[in-house]
Amino acid sequence: MLVIFEGTSQVETTVRAVLADILGLSADRVAAFTADTPLFGALPELDSMAVASVLTELEDRLGILIEDDEIDGEMLETFGALVTFAAGKALV
Amino acid sequence: MTGLRFQHYDWAGGREAMLRFGPDAGPIALAALPLFEEANRTRQFACTILRALAERGIGSVLPDFPGTGESLVATADATLSDQRQAYSALAQQLGADIYALSIRSGALLEGDATLAGRWHLSPQSGEELVRDLERARAAAGRAEGDYAGNRLSSERIAALREAVPRGDGRCRIIRLDTDPRAADATYPGVPLWRRSEPDNNIELAQKLAADIAHWIAA
(Lines give C-alpha, C1' and ligand atoms only; values in the text may rest on other atoms or scores of the structure.)
Protein backbone atom coordinates (compact mmCIF):
# COMPACT_ATOMS: atom_id res chain seq x y z
CA MET A 1 0.00 0.00 0.00
CA LEU A 2 1.26 3.47 -0.95
CA VAL A 3 2.18 5.57 2.07
CA ILE A 4 1.48 9.21 1.34
CA PHE A 5 2.27 10.81 4.66
CA GLU A 6 5.62 10.46 6.40
CA GLY A 7 5.20 9.27 10.00
CA THR A 8 1.44 8.90 9.79
CA SER A 9 1.22 5.57 8.00
CA GLN A 10 -0.59 3.92 10.93
CA VAL A 11 -3.24 6.64 10.95
CA GLU A 12 -3.51 6.48 7.16
CA THR A 13 -4.02 2.70 7.29
CA THR A 14 -6.73 3.16 9.91
CA VAL A 15 -8.54 5.83 7.86
CA ARG A 16 -8.49 3.57 4.79
CA ALA A 17 -9.84 0.65 6.82
CA VAL A 18 -12.60 2.74 8.39
CA LEU A 19 -13.75 4.05 4.99
CA ALA A 20 -13.78 0.48 3.62
CA ASP A 21 -15.58 -1.00 6.65
CA ILE A 22 -18.22 1.71 7.17
CA LEU A 23 -18.98 2.52 3.53
CA GLY A 24 -18.67 -1.07 2.31
CA LEU A 25 -15.96 -0.20 -0.23
CA SER A 26 -13.63 -2.89 -1.57
CA ALA A 27 -10.07 -3.11 -0.26
CA ASP A 28 -8.78 -2.53 -3.80
CA ARG A 29 -10.80 0.65 -4.13
CA VAL A 30 -9.60 2.24 -0.88
CA ALA A 31 -6.02 1.06 -1.51
CA ALA A 32 -6.06 3.20 -4.66
CA PHE A 33 -7.02 6.37 -2.74
CA THR A 34 -4.38 9.12 -2.95
CA ALA A 35 -4.12 12.38 -1.01
CA ASP A 36 -6.13 14.11 -3.75
CA THR A 37 -8.95 11.56 -3.99
CA PRO A 38 -12.17 13.52 -3.36
CA LEU A 39 -14.45 12.11 -0.62
CA PHE A 40 -17.52 14.08 0.50
CA GLY A 41 -19.67 14.91 -2.50
CA ALA A 42 -17.71 12.47 -4.71
CA LEU A 43 -18.44 9.13 -2.99
CA PRO A 44 -22.17 8.40 -3.15
CA GLU A 45 -21.75 6.04 -0.17
CA LEU A 46 -20.54 8.92 2.01
CA ASP A 47 -23.82 10.67 2.85
CA SER A 48 -24.27 12.84 5.91
CA MET A 49 -25.30 9.91 8.12
CA ALA A 50 -22.26 7.93 6.99
CA VAL A 51 -20.04 10.90 7.84
CA ALA A 52 -21.20 10.64 11.45
CA SER A 53 -20.45 6.89 11.49
CA VAL A 54 -17.00 7.31 9.90
CA LEU A 55 -15.95 9.98 12.41
CA THR A 56 -17.24 8.02 15.41
CA GLU A 57 -15.48 4.85 14.23
CA LEU A 58 -12.25 6.85 13.76
CA GLU A 59 -12.61 8.11 17.33
CA ASP A 60 -12.97 4.56 18.64
CA ARG A 61 -10.08 3.06 16.67
CA LEU A 62 -7.62 5.92 17.19
CA GLY A 63 -8.67 6.73 20.75
CA ILE A 64 -9.34 10.37 19.83
CA LEU A 65 -12.21 12.77 20.49
CA ILE A 66 -13.54 14.94 17.65
CA GLU A 67 -15.53 17.99 18.76
CA ASP A 68 -18.62 18.79 16.72
CA ASP A 69 -17.38 22.32 15.93
CA GLU A 70 -14.27 20.80 14.31
CA ILE A 71 -16.35 18.98 11.71
CA ASP A 72 -16.51 20.89 8.44
CA GLY A 73 -16.54 20.23 4.72
CA GLU A 74 -12.82 20.88 4.39
CA MET A 75 -11.63 17.93 6.51
CA LEU A 76 -13.78 15.58 4.40
CA GLU A 77 -13.01 17.10 1.03
CA THR A 78 -10.18 14.70 0.14
CA PHE A 79 -8.63 11.55 1.55
CA GLY A 80 -5.48 13.57 2.29
CA ALA A 81 -7.42 16.17 4.28
CA LEU A 82 -9.10 13.49 6.40
CA VAL A 83 -5.79 11.72 7.14
CA THR A 84 -4.15 15.04 8.05
CA PHE A 85 -7.01 15.89 10.40
CA ALA A 86 -6.98 12.43 12.05
CA ALA A 87 -3.17 12.45 12.35
CA GLY A 88 -3.28 15.88 13.97
CA LYS A 89 -5.60 14.42 16.61
CA ALA A 90 -3.91 11.07 17.06
CA LEU A 91 -0.26 12.09 17.02
CA VAL A 92 -0.28 15.04 19.45
CA MET B 1 -39.24 -28.31 18.58
CA THR B 2 -36.24 -26.27 17.69
CA GLY B 3 -37.31 -24.32 14.60
CA LEU B 4 -38.00 -20.60 14.63
CA ARG B 5 -41.16 -19.73 16.61
CA PHE B 6 -43.07 -16.48 16.89
CA GLN B 7 -44.21 -15.98 20.48
CA HIS B 8 -45.05 -13.15 22.85
CA TYR B 9 -44.50 -12.16 26.45
CA ASP B 10 -46.37 -9.95 28.89
CA TRP B 11 -45.03 -7.25 31.15
CA ALA B 12 -46.76 -4.75 33.43
CA GLY B 13 -47.29 -2.28 30.55
CA GLY B 14 -48.52 -4.66 27.85
CA ARG B 15 -47.52 -7.45 25.50
CA GLU B 16 -44.56 -7.66 23.11
CA ALA B 17 -43.56 -10.12 20.40
CA MET B 18 -40.43 -12.26 20.38
CA LEU B 19 -38.65 -14.72 18.12
CA ARG B 20 -37.64 -17.98 19.74
CA PHE B 21 -34.83 -20.23 18.49
CA GLY B 22 -33.63 -23.66 19.58
CA PRO B 23 -34.72 -25.81 22.54
CA ASP B 24 -36.97 -24.50 25.33
CA ALA B 25 -35.11 -26.48 27.99
CA GLY B 26 -31.67 -25.67 29.37
CA PRO B 27 -29.91 -22.31 29.37
CA ILE B 28 -31.55 -19.54 27.34
CA ALA B 29 -29.73 -16.65 25.68
CA LEU B 30 -31.80 -13.46 25.92
CA ALA B 31 -30.72 -11.30 22.99
CA ALA B 32 -31.01 -7.52 23.12
CA LEU B 33 -30.34 -5.55 19.94
CA PRO B 34 -28.88 -2.05 20.11
CA LEU B 35 -31.34 0.82 20.43
CA PHE B 36 -32.51 2.90 17.45
CA GLU B 37 -30.82 2.76 14.02
CA GLU B 38 -28.16 0.21 14.99
CA ALA B 39 -30.94 -2.34 15.63
CA ASN B 40 -31.77 -2.42 11.91
CA ARG B 41 -28.13 -2.96 11.02
CA THR B 42 -27.62 -5.87 13.45
CA ARG B 43 -30.92 -7.77 13.41
CA GLN B 44 -30.00 -10.26 10.67
CA PHE B 45 -26.55 -10.75 12.24
CA ALA B 46 -28.12 -11.41 15.65
CA CYS B 47 -30.52 -13.98 14.12
CA THR B 48 -27.52 -15.71 12.50
CA ILE B 49 -25.82 -15.97 15.92
CA LEU B 50 -29.03 -17.34 17.50
CA ARG B 51 -29.49 -19.96 14.74
CA ALA B 52 -25.86 -21.04 15.23
CA LEU B 53 -26.51 -21.30 18.99
CA ALA B 54 -29.57 -23.47 18.30
CA GLU B 55 -27.35 -25.80 16.24
CA ARG B 56 -25.20 -26.10 19.36
CA GLY B 57 -28.27 -27.02 21.43
CA ILE B 58 -28.75 -23.65 23.13
CA GLY B 59 -32.14 -21.96 22.99
CA SER B 60 -32.60 -18.20 22.70
CA VAL B 61 -35.12 -15.40 22.36
CA LEU B 62 -34.99 -12.17 20.38
CA PRO B 63 -37.69 -9.97 21.91
CA ASP B 64 -39.17 -6.64 20.95
CA PHE B 65 -39.18 -4.16 23.79
CA PRO B 66 -41.68 -1.32 24.24
CA GLY B 67 -41.09 1.09 21.35
CA THR B 68 -38.94 -1.28 19.26
CA GLY B 69 -39.69 -3.70 16.39
CA GLU B 70 -43.40 -4.53 16.11
CA SER B 71 -44.26 -2.95 19.48
CA LEU B 72 -47.57 -1.09 19.69
CA VAL B 73 -45.81 1.52 21.85
CA ALA B 74 -44.63 4.44 19.72
CA THR B 75 -40.86 5.03 19.80
CA ALA B 76 -41.52 8.53 21.14
CA ASP B 77 -43.55 7.14 24.07
CA ALA B 78 -41.14 4.41 25.11
CA THR B 79 -38.92 5.02 28.13
CA LEU B 80 -35.72 3.28 29.16
CA SER B 81 -37.41 2.42 32.44
CA ASP B 82 -40.30 0.65 30.61
CA GLN B 83 -37.87 -1.23 28.41
CA ARG B 84 -35.91 -2.41 31.44
CA GLN B 85 -39.12 -3.49 33.18
CA ALA B 86 -40.13 -5.50 30.12
CA TYR B 87 -36.65 -7.06 29.95
CA SER B 88 -36.79 -8.08 33.64
CA ALA B 89 -40.31 -9.49 33.28
CA LEU B 90 -39.26 -11.57 30.29
CA ALA B 91 -36.11 -12.85 32.02
CA GLN B 92 -38.23 -13.93 34.99
CA GLN B 93 -40.78 -15.72 32.78
CA LEU B 94 -38.09 -17.59 30.85
CA GLY B 95 -36.70 -19.31 33.94
CA ALA B 96 -33.59 -19.50 36.08
CA ASP B 97 -30.77 -20.10 33.61
CA ILE B 98 -30.89 -16.89 31.54
CA TYR B 99 -27.84 -15.38 29.89
CA ALA B 100 -27.88 -11.86 28.47
CA LEU B 101 -26.62 -11.69 24.87
CA SER B 102 -26.46 -7.95 24.45
CA ILE B 103 -25.19 -6.11 21.39
CA ARG B 104 -23.96 -2.51 21.78
CA SER B 105 -26.54 -0.36 23.64
CA GLY B 106 -28.75 -3.44 24.11
CA ALA B 107 -26.66 -3.93 27.27
CA LEU B 108 -28.37 -0.86 28.75
CA LEU B 109 -31.70 -2.73 28.88
CA GLU B 110 -30.54 -5.42 31.32
CA GLY B 111 -31.09 -3.12 34.30
CA ASP B 112 -31.84 -5.09 37.45
CA ALA B 113 -32.91 -8.31 35.73
CA THR B 114 -31.85 -11.56 37.41
CA LEU B 115 -29.35 -13.17 35.05
CA ALA B 116 -26.95 -16.11 35.23
CA GLY B 117 -24.42 -14.10 33.20
CA ARG B 118 -23.92 -11.23 30.77
CA TRP B 119 -22.26 -11.56 27.36
CA HIS B 120 -21.69 -8.17 25.74
CA LEU B 121 -20.66 -7.54 22.14
CA SER B 122 -18.96 -4.13 21.84
CA PRO B 123 -21.06 -2.67 24.67
CA GLN B 124 -21.86 1.02 24.39
CA SER B 125 -22.57 3.37 27.30
CA GLY B 126 -25.57 5.67 27.25
CA GLU B 127 -23.24 8.65 27.04
CA GLU B 128 -21.58 7.24 23.90
CA LEU B 129 -24.99 6.39 22.44
CA VAL B 130 -26.28 9.95 22.95
CA ARG B 131 -23.08 11.33 21.43
CA ASP B 132 -23.66 9.16 18.33
CA LEU B 133 -27.31 10.25 18.16
CA GLU B 134 -26.42 13.94 18.49
CA ARG B 135 -23.72 13.70 15.84
CA ALA B 136 -25.99 11.89 13.37
CA ARG B 137 -28.71 14.46 14.05
CA ALA B 138 -26.32 17.36 13.43
CA ALA B 139 -24.89 15.71 10.30
CA ALA B 140 -28.39 15.22 8.87
CA GLY B 141 -29.33 18.83 9.68
CA ARG B 142 -32.29 17.70 11.78
CA ALA B 143 -34.10 19.82 14.37
CA GLU B 144 -33.41 19.36 18.07
CA GLY B 145 -35.18 16.25 19.40
CA ASP B 146 -35.40 14.61 15.94
CA TYR B 147 -32.91 11.75 15.80
CA ALA B 148 -32.97 10.22 12.31
CA GLY B 149 -36.76 10.26 12.41
CA ASN B 150 -36.99 9.19 16.07
CA ARG B 151 -38.63 11.85 18.24
CA LEU B 152 -36.87 11.64 21.59
CA SER B 153 -37.75 13.87 24.53
CA SER B 154 -35.06 15.64 26.53
CA GLU B 155 -36.05 13.46 29.53
CA ARG B 156 -35.42 10.30 27.48
CA ILE B 157 -32.06 11.60 26.28
CA ALA B 158 -31.10 12.48 29.87
CA ALA B 159 -32.04 8.99 31.11
CA LEU B 160 -30.07 7.34 28.29
CA ARG B 161 -27.03 9.53 28.93
CA GLU B 162 -26.77 8.25 32.51
CA ALA B 163 -27.19 4.57 31.61
CA VAL B 164 -24.13 2.31 31.78
CA PRO B 165 -23.84 -1.43 31.04
CA ARG B 166 -23.54 -3.51 34.20
CA GLY B 167 -20.27 -5.40 34.48
CA ASP B 168 -20.85 -7.20 37.77
CA GLY B 169 -21.42 -10.91 38.27
CA ARG B 170 -20.43 -13.29 35.49
CA CYS B 171 -19.68 -10.98 32.59
CA ARG B 172 -17.82 -11.43 29.29
CA ILE B 173 -16.97 -8.53 26.98
CA ILE B 174 -16.23 -9.21 23.30
CA ARG B 175 -14.93 -6.59 20.88
CA LEU B 176 -13.75 -6.46 17.28
CA ASP B 177 -9.97 -6.61 16.89
CA THR B 178 -9.97 -3.03 15.55
CA ASP B 179 -11.32 -1.73 18.88
CA PRO B 180 -8.51 -0.91 21.32
CA ARG B 181 -10.70 -0.93 24.45
CA ALA B 182 -10.46 -3.65 27.11
CA ALA B 183 -12.09 -6.98 26.23
CA ASP B 184 -12.10 -10.62 27.35
CA ALA B 185 -11.69 -11.67 23.70
CA THR B 186 -11.55 -10.01 20.28
CA TYR B 187 -12.53 -11.25 16.83
CA PRO B 188 -11.82 -9.92 13.34
CA GLY B 189 -14.76 -8.29 11.59
CA VAL B 190 -16.27 -5.00 10.51
CA PRO B 191 -18.62 -3.02 12.79
CA LEU B 192 -21.92 -3.98 11.14
CA TRP B 193 -23.75 -1.57 13.48
CA ARG B 194 -22.12 1.37 11.73
CA ARG B 195 -22.42 0.17 8.12
CA SER B 196 -24.26 2.58 5.84
CA GLU B 197 -25.97 -0.44 4.21
CA PRO B 198 -27.04 -3.37 6.42
CA ASP B 199 -24.87 -6.45 5.98
CA ASN B 200 -24.25 -9.80 7.65
CA ASN B 201 -21.14 -11.74 8.66
CA ILE B 202 -21.93 -15.44 8.90
CA GLU B 203 -18.36 -16.47 9.75
CA LEU B 204 -18.16 -14.03 12.68
CA ALA B 205 -21.65 -15.02 13.85
CA GLN B 206 -20.56 -18.67 14.02
CA LYS B 207 -17.40 -17.80 15.94
CA LEU B 208 -19.42 -15.72 18.40
CA ALA B 209 -21.97 -18.52 18.86
CA ALA B 210 -19.08 -20.87 19.68
CA ASP B 211 -17.70 -18.30 22.14
CA ILE B 212 -21.11 -17.97 23.85
CA ALA B 213 -21.66 -21.74 23.99
CA HIS B 214 -18.23 -22.36 25.57
CA TRP B 215 -18.73 -19.52 28.03
CA ILE B 216 -22.19 -20.78 29.12
CA ALA B 217 -20.85 -24.33 29.51
CA ALA B 218 -17.71 -23.27 31.45
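Between the two chains, 16 residues of chain B are in contact with 19 residues of chain A, where contact means that the C-beta atoms of two residues, placed from the backbone, lie within 7 Å. On the side of chain B that touches chain A, seven residues are nonpolar, two are polar and seven are charged. In this classification Ala, Val, Leu, Ile, Met, Phe, Trp, Tyr, Cys and Pro count as nonpolar, Asp, Glu, Lys and Arg as charged, and the others, Gly among them, as polar. The model is predicted: local features need pLDDT of at least 70 and side-chain atom pairs count only at pLDDT 80 or more, whereas totals for chains, interfaces and linings use all residues. Residues are numbered from 1 along each chain as its sequence is written, with chains lettered from A and ligands numbered from 1 in the order in which they are written.

Strand β3 of chain B, residues 28-32, is mostly covered, with five of its five residues buried. A residue is buried if 20 or more other C-beta atoms lie within 10 Å of its own, exposed if 12 or fewer, and partly exposed in between, the C-beta atoms being placed from the backbone. Helices (H or I, at least four residues) and strands (E, at least two) are DSSP runs, numbered from the N terminus. In a regular strand the side chains alternate between the two faces of the sheet. In β3(B), the buried residues B:Ile28, B:Leu30 and B:Ala32 lie on one side, and B:Ala29 and B:Ala31, also buried, lie on the other.

Two strands pair if DSSP finds at least two bridges between them. β3(B) pairs in the parallel sense with β4(B), residues 59-63, over three bridges, and B:Ile28 has B:Gly59 as its bridge partner there. The chain passes from β3(B) through helix α1 of chain B, residues 37-55, to β4(B) in a right-handed β-α-β crossover; right-handed means that, with the strands pointing away from the viewer, the path from the first strand over the helix to the second runs clockwise. β3(B) also pairs in the parallel sense with β5(B), residues 98-103, over five bridges, and B:Ala29 stands opposite B:Tyr99 in that strand.

Most residues other than glycine have a negative phi, and most peptide bonds are trans. Two loop residues of chain B have positive values, as tabulated below.

| Residue | Phi | Loop of chain B | C-beta neighbours inside 10 Å |
|---|---|---|---|
| B:Phe36 | about 60° | between β3 and α1 | 21, buried |
| B:Ser122 | near 45° | between β6 (117-121) and α3 (126-139) | 23, buried |

Helix α2 of chain B (residues 80-94) has 15 residues and spans 21 Å from its first C-alpha to its last, close to the 21 Å expected at 1.5 Å a residue; the expected span is 1.5 Å times one less than the number of residues. Its buried residues include B:Leu80, B:Ala86, B:Tyr87, B:Leu90 and B:Leu94. The buried residues of α2(B) pack against β1 (5-11), β2 (14-21), β3, β4, β5 and α4 (154-162) of chain B. B:Gly95, with a positive phi near 130°, follows α2(B).

In chain A, helix α1 (residues 9-23) has 15 residues and reaches 21 Å, close to the 21 Å expected. Among its buried residues are A:Val11, A:Val15, A:Val18, A:Leu19 and A:Ile22, and the elements covering the buried residues of α1(A) include α2 (27-31), α3 (48-62) and α4 (79-90) of chain A. A:Gly24, with a positive phi near 70°, follows α1(A).
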